[in-house]
Structures are given as C-alpha cells and as structure tokens.
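Subject: Structure handover

Hi,

Here is the structure I promised to pass on. Have a look at it first, then read my notes below.

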Protein chains: 4
Amino acid sequence: MGSLGFNANKIYKAAEILKECKKDKCKLFFGFAGAMVPAGMKQIVVDMINDGTIDVLVSTGANLTHDLIEALGNHHYMGNANINDSELHKQNIDRIYDVFMKSDVYQDLEEFFNKNFDKFKDKKTVKEFLWEIGKLVNKEDSILTACYKKKIPLFVPAITDSGIGLMIWNHLVQGKKVEMNEFEDLKEILDIAFVEKKKAIFYVGGGVPKNYIQQAMQFSSPASYGIQITTDRADFGGSSGAELKEGISWGKMSEKGKFVNVNCDATIALPLIYASYKN
Amino acid sequence: MGSLGFNANKIYKAAEILKECKKDKCKLFFGFAGAMVPAGMKQIVVDMINDGTIDVLVSTGANLTHDLIEALGNHHYMGNANINDSELHKQNIDRIYDVFMKSDVYQDLEEFFNKNFDKFKDKKTVKEFLWEIGKLVNKEDSILTACYKKKIPLFVPAITDSGIGLMIWNHLVQGKKVEMNEFEDLKEILDIAFVEKKKAIFYVGGGVPKNYIQQAMQFSSPASYGIQITTDRADFGGSSGAELKEGISWGKMSEKGKFVNVNCDATIALPLIYASYKN
Amino acid sequence: MGSLGFNANKIYKAAEILKECKKDKCKLFFGFAGAMVPAGMKQIVVDMINDGTIDVLVSTGANLTHDLIEALGNHHYMGNANINDSELHKQNIDRIYDVFMKSDVYQDLEEFFNKNFDKFKDKKTVKEFLWEIGKLVNKEDSILTACYKKKIPLFVPAITDSGIGLMIWNHLVQGKKVEMNEFEDLKEILDIAFVEKKKAIFYVGGGVPKNYIQQAMQFSSPASYGIQITTDRADFGGSSGAELKEGISWGKMSEKGKFVNVNCDATIALPLIYASYKN
Amino acid sequence: MGSLGFNANKIYKAAEILKECKKDKCKLFFGFAGAMVPAGMKQIVVDMINDGTIDVLVSTGANLTHDLIEALGNHHYMGNANINDSELHKQNIDRIYDVFMKSDVYQDLEEFFNKNFDKFKDKKTVKEFLWEIGKLVNKEDSILTACYKKKIPLFVPAITDSGIGLMIWNHLVQGKKVEMNEFEDLKEILDIAFVEKKKAIFYVGGGVPKNYIQQAMQFSSPASYGIQITTDRADFGGSSGAELKEGISWGKMSEKGKFVNVNCDATIALPLIYASYKN
C-alpha cells in the first residue's frame with residue numbers, strides 16, 4: 001500500500017510507524033474506544049498484548065464489559081442494522097448497529113459479581129479490580145485475562161460508565177463498599193508516563209481513552225510516535241477528531257515525532273495495520 | 001426550517017421536540033461533550049440551566065475545566081488551524097483546532113486548587129466537589145456556578161480525565177487524600193433516573209456523557225424524547241454515532257418516543273435549536 | 001459567529017469573504033450540486049441571482065430538472081427517510097432522503113418538451129437551451145427564469161445526466177435532432193474566465209460544478225476568493241472534498257487568495273451565510 | 001470478515017454480492033468517480049475489465065485523463081498533504097491530496113492531441129472517441145486500452161469537465177470541429193440498459209457516474225444487485241450519499257435486490273472487495 005495514495009497510504013504509514021516505534025523500544029500506550037469487542041476486534045487486541053505490541057492499555061468500560069460477557073460464555077451475533085428495534089426489544093435482543101446481543105447476558109454478569117464481589121472490595125485501583133476479573137475468568141481469548149497474565153497496566157477512567165460499573169453499583173445500593181478509586185489509577189498512569197522516556201501512542205477511536213493518554217503525555221513528556229484510527233474530524237474541534245500534530249502545541253506529542261491519522265472504520269483499518277506490521 | 005429537507009429539517013424537528021418535552025414536564029438529561037466551551041458555547045448552556053431547560057447535566061471534565069479557566073479570568077482566543085504547532089509550543093499556546101489558549105492557565109488552576117483544596121477533600125461525590133468549585137468562583141457566566149446555584153445535578157463520570165482531575169492528582173502525590181468517589185455519583189444519577197417518570201435526553205456530541213445517560217435510562221426506565229447533535233455515524237458502531245432509535249432495543253428509549261439525530265457541528269446546530277425553541 | 005470556533009466561525013468567515021469579494025467587484029462563479037432544489041434551497045439561489053451575488057452559475061442537471069418540475073406546478077414534499085421504499089414505489093413516490101416527489105411529474109415534463117421541442121432544436125449551447133426553458137416557464141421563483149432574465153451564464157456540463165437530458169433523449173430516439181453541444185458551452189465559460197480578471201468561487205457541494213469551474217480557473221487565471229460548503233473530506237482525495245488551498249498548486253486559486261471550507265449540510269450553512277452577508 | 005461487524009462486514013457482503021451477481025450472469029455497470037487513478041487504483045480496474053467483472057464503465061473525465069497521462073509515460077508520485085501549495089506551484093507540481101503530478105504532463109497531452117486530432121473529429125460518440133484514444137496509446141495497463149480491446153462500453157457524461165475535454169477545446173478555439181455528442185452516448189447506454197434484463201451496479205464514489213447509471217436503470221428496468229463504496233452520507237440528501245435502497249422507490253433498484261453500502265475510502269475498500277471476490 002506504500003505506493004497508493006489517500007487513506008490506503010496512511011495504513012501503510014501506520015504499519016511503518018508501528019514497526020519503527022517497537023524497534024526503537026518505545027512503550028506503546030493503546031487507547032481502545034468504540035464498540036470494538038462486539039464487532040469482533042477482541043482477538044487482535046489479545047494478540048497485541050501477548051506479543052508485546054501493547055504496553056499500556058486504556059479502554060472504555062464497555063469494551064471490557066463485552067470482553068467479560070464473552071469470557072462468561074456469551075456471544076455477539078451478526079445481526080442487521082435495518083430492523084425494527086421495538087421487535088428486538090420484545091425478543092430481548094440489544095442492538096449495536098448490525099451486531100446483536102441477548103439481554104440476558106446481564107444475568108450472567110450479575111451472577112459473576114454476586115459470586116466474586118468479596119474478591120473485589122479491597123482493590124485499591126480499577127486496574128487491580130480488572131486484573132482480578134481477568135484472573136477469575138481465566139480465558140485465553142480474553143483481553144482482561146491477557147492483561148492480568150502479562151501484567152499490562154489497564155486503565156478505565158470511566159468505569160462507572162459501563163456494565164461492569166453498574167454491577168458494582170448493584171452491590172453498593174445494598175450497602176456494600178468498594179475501595180477502588182480512579183485517582184489511584186491516575187497516579188499510576190502518570191508514574192508510568194514519567195518513567196518511560198520513549199513513548200508511542202496508538203488510538204482506536206477517541207473519547208476518554210485518547211484524552212487520558214494525551215494528558216498523561218502532557219504532564220510527563222511528549223510521545224515520539226503516534227497512530228490514530230478515527231472517523232471523527234479535526235474541524236469539529238473535539239479531542240476525538242484532533243490531528244495528532246495538534247498535540248505538539250500542548251507538549252503531548254514531540255515536535256520531531258512521527259504521526260499518522262487514518263480515517264477509516266477501525267474494523268477494517270486495525271487488522272490491516274496489524275497484519276502489515278507483523279509481516 | 002420546517003419546510004426544508006435534510007439536516008435543516010432536523011434542526012426544526014429538534015426544536016419542536018424540545019418544546020414538546022418541556023411542555024410535557026419531562027426532566028431533560030443533557031450530555032455535553034466536545035470542546036464546546038473553548039468554541040464559545042458556554043453562555044448558551046448557562047442560559048439553558050438558568051431557564052430550566054436542562055435538569056441534569058453530564059459533561060466531560062474538559063468542558064468544565066475550560067469553564068473554570070474562564071471563571072478564573074482567562075480566555076480562549078480565535079486562532080488559526082493552519083499553523084506550525086512547534087511555533088505555538090514555543091509561545092506557550094495550546095491549540096484546540098482554531099481556538100488558542102495560553103498554557104499558563106494551568107498556573108491559575110494550580111493556585112486555585114492550592115488555595116481551596118481543604119474545601120474539597122471531604123466531598124463525597126464529584127457532583128458536590130464541582131458544585132463547591134462553582135460556589136467558590138461565583139461567576140454569573142460559569143456553568144459550574146449556574147449548576148451550583150440552581151442545584152442542577154452535575155455528573156462528570158471521568159473526572160480523572162481532565163485538567164481538574166490533574167489538579168487533584170497534584171495534591172494526591174503530595175500525600176493528601178480526597179473522598180469523592182465516582183460510584184457515589186453513579187448511585188445518585190440512577191436514583192434520579194428511577195424517580196423521574198417522564199424523561200428526555202439531549203446530547204451534544206457522544207462519548208461518556210451520552211453513554212452514561214443512556215445506561216441510566218436502561219437501568220431505570222426509557223426516555224420519551226431525544227435530541228442528538230453529532231457528526232459521528234451509526235455504521236462505525238460506537239455509542240457516539242448510534243441513532244437514538246437503536247436505544248429502543250436496549251430499553252433506553254421508549255418505543256413510542258420522539259427522536260431526532262442532527263448531523264451538524266454543534267457550534268452551528270445548538271444555537272439554532274435553542275433559538276428556535278425559545279421563539 | 002465571529003467569536004465562536006470551529007465551523008460556526010467558518011460560516012462567519014464565509015460571509016465576510018462574500019462581502020469582500022463583492023465589494024471588490026469580483027465575478028462570482030457559483031457551483032451548485034446536491035439535491036438542493038428538492039431540499040428547498042431554490043428561492044435563496046433565485047435571490048442570489050436577482051441581487052447580483054451570482055454572476056455565473058454551474059449546476060447539476062438534477063437541480064434544474066427539479067426547478068423545472070416546480071415551475072410546471074409540481075411540488076416536493078416533506079416526507080420521511082425511515083420508510084419502506086417498496087411501499088413508496090407502489091404509491092409512485094420518488095424519495096430523496098426525507099423529501100418526496102410524485103413520479104407523475106415526469107408526465108408534465110414530457111408534455112412540456114413535446115409542446116416546445118421545436119424551440120430547442122436549433123440551440124447551439126446547453127446554456128441557450130436552458131435559458132429558453134427559463135423564458136418559456138416564466139416563473140418568478142424559478143432559477144431557470146432568473147438566469148434567463150438576468151442573462152446569467154448558466155452551465156450544466158452533464159446535461160445528459162438529468163431528467164431534462166432524458167426528455168431530449170426521448171425525442172432523439174424518435175429520430176429528431178438537437179444541435180446543442182457541451183463543447184460550445186466549454187468555450188463560453190473559458191471565454192468568460194479569461195476576460196474576468198477578478199474572480200471568486202462559491203461551491204455548494206462538489207462534483208462536476210466545482211471541478212468545471214476549477215478547470216476554467218486553471219486554464220485562465222486563478223480565483224482570488226473562495227467559499228466551499230461541503231461535507232466531503234480532503235483525505236479521500238476527490239475533487240469534491242479537496243481544500244480550496246490545494247488549488248493554489250494547480251494555479252486555480254491565487255496564492256494571496258482568501259478561502260474558507262465550511263463543513264456543514266448546505267441546507268443549514270447556505271441560508272446562514274447568505275443572511276449574514278446581506279446584513 | 002463475515003464474522004466481523006460494522007464496515008468490515010460490509011466489505012465481506014460486497015464481495016459476496018459480487019460473486020452472486022456474476023454467477024447469476026448479471027451485467028455489471030461500474031461507476032468510477034474520485035481521484036482513483038492518481039491514487040493507484042488503475043490496475044485493479046484494468047483487471048476488472050479484463051476478467052469480465054465490469055461490463056459497462058461510466059467514469060469521470062478526470063480518471064481517464066490521468067489514465068491517459070500515465071499511458072503517455074508520465075507518473076503520479078507519493079507526495080505530502082501538509083505542504084505549502086505556493087511552493088508546489090512554483091515547482092510546477094499539481095497536488096491531489098498527498099499525490100503529486102508534474103504540471104508539464106499537459107504538454108504531452110497537447111502533443112498527443114495535436115498529433116491525433118484528425119482521428120477524433122469524426123467520432124460520433126464520446127465512447128468511440130475514448131476507444132480511439134485507448135487504441136492509439138495501446139498500453140496494457142491503461143483503462144482506455146482495456147476498454148477498447150474488450151469492447152467495453154465506456155461513458156463519460158461530462159467529458160467537457162476534464163483535461164481531455166480541455167484538449168479538444170484547445171482545437172475548437174482554433175476553428176476545428178468535433179462531431180461527438182453526449183446525447184448519442186445517452187442513447188447507447190439506455191439501449192444497453194433496456195436490452196439487459198439482469199443488471200448489477202457497482203459504484204466507487206458517487207457523482208455523475210452513479211447518477212447516470214441510476215437514471216439508466218430508472219428509465220429501463222431496475223438493477224438486482226448493488227455495491228456502493230462511498231464516504232458521503234444519506235442525510236445530506238445528494239445522490240452520491242444516497243443509500244441504494246432509496247433507489248427502490250424510483251424503480252432504479254429492484255425491491256428484491258441485494259445491496260450494500262460500504263463507508264470507507266475506496267483506496268482501501270476496492271482492493272479488499274476485489275481480492276475477496278477473486279478468492
């Protein structure tokens with residue numbers, strides 16, 4: 001794809017940057033947003049954890065909730081986006097564009113948290129809590145398990161904004177307590193960002209995962225390599241669509257860094273970039 | 001605009017839905033994402049709080065950080081998107097697309113938190129903490145102050161992902177403690193969502209604010225009216241671009257509800273919808 | 001809107017550029033693509049012709065076909081985009097996103113061309129042919145009539161790609177002939193582009209109208225002012241999404257020119273820009 | 001990709017539809033818009049012509065102009081989108097996003113047309129004219145040559161909107177004449193559309209090529225299969241972004257047809273779909 005123009009060329013460049021940053025022993029901070037696990041991107045992230053591509057993972061709570069749902073034996077199904085949602089609701093099917101999920105997955109989640117809540121309550125960080133889940137489900141194809149086994153720092157800055165967060169809420173309203181506090185995780189990612197001198201970022205989507213990594217760079221030292229797969233746009237002004245070079249002004253990105261913005265659905269771009277990187 | 005097609009018509013519909021939902025005494029949950037305060041959307045949100053349009057506000061931490069920055073006497077400036085970011089960095093200017101901000105705003109933030117940290121440490125929720133900031137800065141044109149004065153529940157599910165969060169971190173690394181915990185806020189928004197029987201949602205952008213409100217509907221009862229201003233798209237599968245009717249399948253939206261998705265930069269669409277609603 | 005960021009600011013800039021270019025006595029070449037007449041943008045273009053804003057008009061054939069359809073007494077209706085298209089087909093309704101049109105408008109078109117074909121056959125250019133239609137229908141609110149009356153050069157470089165073109169085809173298959181030839185129109189727009197020394201361009205959408213004006217600038221002299229309303233994007237590489245400044249490399253745009261790209265549905269942006277220009 | 005969601009799944013579906021329509025002996029009408037030849041998509045289209053995938057080709061004039069430019073021995077180069085366009089202009093480099101072309105390609109074009117003009121002047125259709133060019137350049141990797149050799153009907157409904165068109169203009173202003181007339185081409189594509197009973201459509205981009213094929217279906221009989229690669233969107237209302245199912249209401253698409261809209265840069269999607277189809 002190196003001889004092609006437009007976004008095909010960006011995919012080529014992204015793979016080249018990934019090769020170079022890993023050859024350069026950079027620590028890769030990977031931001032993971034969008035409904036990527038329901039869409040089938042779980043295995044690729046597990047592979048990227050296991051082969052050392054990803055060093056730090058920041059995710060939406062939703063992606064890990066869906067990872068847990070699959071680890072508990074449930075599935076996401078290819079469905080249809082042009083469908084009557086009232087009809088789906090009657091059939092207890094939750095729709096994520098063209099992917100379907102049975103709503104009774106929440107019963108399995110509840111059961112899992114009922115059974116294991118005591119193991120979570122003393123966890124001081126969301127990371128420790130999530131690692132514990134990964135340890136408990138112990139599935140080779142789970143992102144949570146892969147992070148636990150490889151001791152990959154895993155941050156979810158909005159855990160209360162997820163199915164997992166709601167499972168905890170379910171116990172809190174019964175008067176139970178949890179100790180985990182997002183500020184402890186914030187301390188940890190900033191400690192990592194301070195210690196690591198060679199850093200790279202890779203964003204699948206924007207949202208909180210991107211911004212959380214960006215601010216960690218801003219308050220420590222700038223990243224030298226950057227890949228961003230997003231369909232959002234710079235001129236709408238939000239962080240999700242901001243070009244990586246904008247981060248130079250903030251001190252989030254190095255002015256000598258190498259960056260690429262790929263504008264493409266990540267379900268297409270991520271496998272292409274990773275396959276090209278591995279070859 | 002009611003006689004026009006395409007997104008002009010959607011703006012008209014959004015204003016009509018807003019009129020109808022407020023006439024119907026619905027409680028409006030307003031999700032506020034994207035760099036809207038830097039872009040100049042602060043006053044319109046203050047107005048919407050003060051005139052009773054917004055009943056519950058869920059925001060990114062960034063929007064409130066920028067609100068606080070302005071409340072402390074700093075400004076956002078019209079800049080230029082086609083510019084050398086290295087040059088800006090040397091001049092200590094942070095760029096948000098075509099908006100500029102001096103990076104020394106962080107000194108004022110630090111000073112504010114140094115001076116007032118003791119007032120924050122016992123707050124049990126992020127909401128109470130943010131209200132306290134709003135009380136302290138006490139500026140008529142501040143979203144934080146408006147929420148405090150009108151006792152509008154204000155939720156920021158990823159407070160650690162913001163400049164305000166980093167100010168707290170700055171004190172935590174010095175060994176201080178804070179009590180606020182996002183799970184307490186989660187309990188509160190769900191309590192509100194359970195109590196209110198007539199609910200409407202209005203999303204500026206997607207991200208955590210949208211998803212956090214959506215899950216509150218899912219775990220309480222569905223919303224009857226919905227407006228969404230977003231430039232993201234359903235077929236990329238993420239929550240930010242999902243059409244509101246998709247929420248019917250999840251029980252987040254009522255199957256008899258009235259919804260509209262406006263695809264337009266919110267700096268254009270929000271003022272148009274609000275002006276049309278008020279007239 | 002001058003104090004706002006992002007695309008709200010671009011709308012402000014577009015109006016300022018329009019003011020400046022008309023004050024500077026530039027000739028404005030207006031490219032008109034997208035289903036703008038069905039969406040209700042006809043009157044604004046008629047106004048822009050009548051008040052001297054538009055000096056040269058390049059349009060898709062479809063916009064003028066729909067102008068003619070309305071001039072013949074037919075209408076476009078606000079419909080619904082979420083609808084069964086098979087059902088619409090049975091009811092003889094043609095859908096243009098959320099706008100409906102009865103398919104029997106084609107009978108009126110046929111009748112019009114049957115009645116008037118003799119007046120068209122000797123026309124040497126598509127422009128003369130279209131002016132003749134404008135003269136015949138003679139409706140104050142018709143773009144075709146406005147161009148005829150104001151002697152605005154009107155180019156449709158793909159007239160065969162339109163309902164009007166198909167009406168001509170209908171007579172050609174009966175053995176009749178027409179003399180009009182697109183190459184004669186090409187000569188004319190290039191003559192105009194050569195003679196005019198101060199030029200501005202204004203594109204609603206991209207497609208053939210934009211590219212046709214761009215190449216006229218390239219082969220004569222560059223334009224000094226430029227406004228573009230498009231939702232297409234530069235990185236996909238096509239002409240429709242290309243930033244205006246790219247035209248500097250080609251000699252289509254002056255390197256000292258003033259340009260703005262507004263990313264917004266034109267049904268929203270065009271009325272805002274024009275209203276701001278007139279005030 | 002069949003087990004993935006979102007646009008990855010659409011790529012899978014597109015390949016499946018292509019397999020099925022060719023197995024079903026459908027005639028494939030291929031619309032080719034966007035700067036696809038500069039981006040490196042020429043060979044794939046040549047392959048699709050030579051292996052019988054494409055039965056009728058409708059293109060922008062620009063794609064064939066760039067095909068001719070390459071056939072005459074010139075090249076497109078990988079450049080850079082973040083660059084000073086004034087500087088490029090001084091260096092006689094024309095930019096197409098991140099692709100560069102020397103502006104002296106126009107001298108070779110002129111020379112070619114000077115040398116061969118007499119062979120073109122009697123051609124009655126644009127198709128015959130373009131076939132003649134393909135015959136003259138006689139390059140195995142040229143789209144023009146491939147169409148000529150395989151006798152693939154090739155339509156360019158806006159030939160005057162292209163570099164090739166401007167080369168003809170160059171001779172017309174010297175008093176020469178050409179006989180080709182777009183209405184003759186219109187008759188031909190409609191004849192084909194009438195005769196063929198099993199039809200499929202495949203659009204790379206929108207614009208005139210899509211609309212021209214769509215109207216041919218409307219005025220003959222609907223297509224049974226459809227693939228569309230576009231980054232434009234339905235709610236902006238234009239033909240380029242319209243979902244294929246909208247065509248059912250117009251009688252352009254069969255209500256029992258199989259359609260897919262792929263939202264992705266065609267430089268990525270087209271090779272993936274074609275590779276999957278061939279395997």
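How many residues of chain B are in contact with chain A? The count is 57 residues of chain B, in contact with 57 residues of chain A. Being in contact here is a matter of C-beta atoms, placed from the backbone, lying within 7 Å of each other.

Before going further, a word on the basics. This is a predicted model, where local features need pLDDT of at least 70 and side-chain atom pairs count only at pLDDT 80 or more, while totals for chains, interfaces and linings use all residues. Residues are numbered from 1 along each chain as its sequence is written, and chains are lettered from A and ligands numbered from 1 in the order in which they are written.

**Chains B and A**

Several elements of chain B each supply at least two residues of the side that touches chain A, among them helix 4 (85-90), strand 4 (93-96) and helix 8 (163-172). Helices (H or I, at least four residues) and strands (E, at least two) are DSSP runs, numbered from the N terminus. Helix 9 of chain B gives the largest share of that side, 6 residues. By class, the side of chain B that touches chain A has 27 nonpolar, 16 polar and 14 charged residues. (Nonpolar covers Ala, Val, Leu, Ile, Met, Phe, Trp, Tyr, Cys and Pro; charged covers Asp, Glu, Lys and Arg; the others, Gly among them, are polar.)

**Chains C and D**

In this pair, 57 residues of chain C are in contact with 57 residues of chain D. A turn of 180° with a shift of 0.0 Å along the axis lays chain C on chain D with an RMSD of 0.0 Å, which is the relation of a two-fold axis. The copies are superposed by least squares on the C-alpha atoms of residues with pLDDT of at least 70 in both. Both copies use the same surface, as 100% of the contact residues of chain C recur in chain D. C:A158 is the residue of chain C that comes closest to the rotation axis, at 2.4 Å (C-alpha).

**The sheet in chain D**

Chain D has an open sheet of 6 strands in the order 6-2-1-7-8-9, with parallel pairing. Two strands pair if DSSP finds at least two bridges between them. Strand 6 (154-155) and strand 9 (253-262) of chain D stand at the edges with a single partner strand each, so one side of each has no neighbour in the sheet. Strand 1 (residues 27-32) and strand 2 (residues 56-59) of chain D pair in the parallel sense over 4 bridges, and D:G31 stands opposite D:V58 in strand 2.

**Helix 10 in chain B**

Helix 10 of chain B has 12 residues and reaches 17 Å from its first C-alpha to its last, close to the expected 16 Å (1.5 Å times one less than its number of residues). Is this helix mostly covered or uncovered? It is mostly covered, with 12 of its 12 residues buried. A residue is buried if 20 or more other C-beta atoms, placed from the backbone, lie within 10 Å of its own, exposed if 12 or fewer, and partly exposed in between.

**One loop residue**

B:D141 is in the loop between helix 6 (126-137) and helix 7 (143-150) of chain B. B:D141 counts as partly exposed because it has 13 C-beta neighbours inside 10 Å. Leaving aside neighbours within four places in sequence, B:D141 is in contact with B:K42, B:Q43 and B:V46.

Cheers

Conventions:
Two residues are in contact if their C-beta atoms, placed from the backbone, lie within 7 Å.
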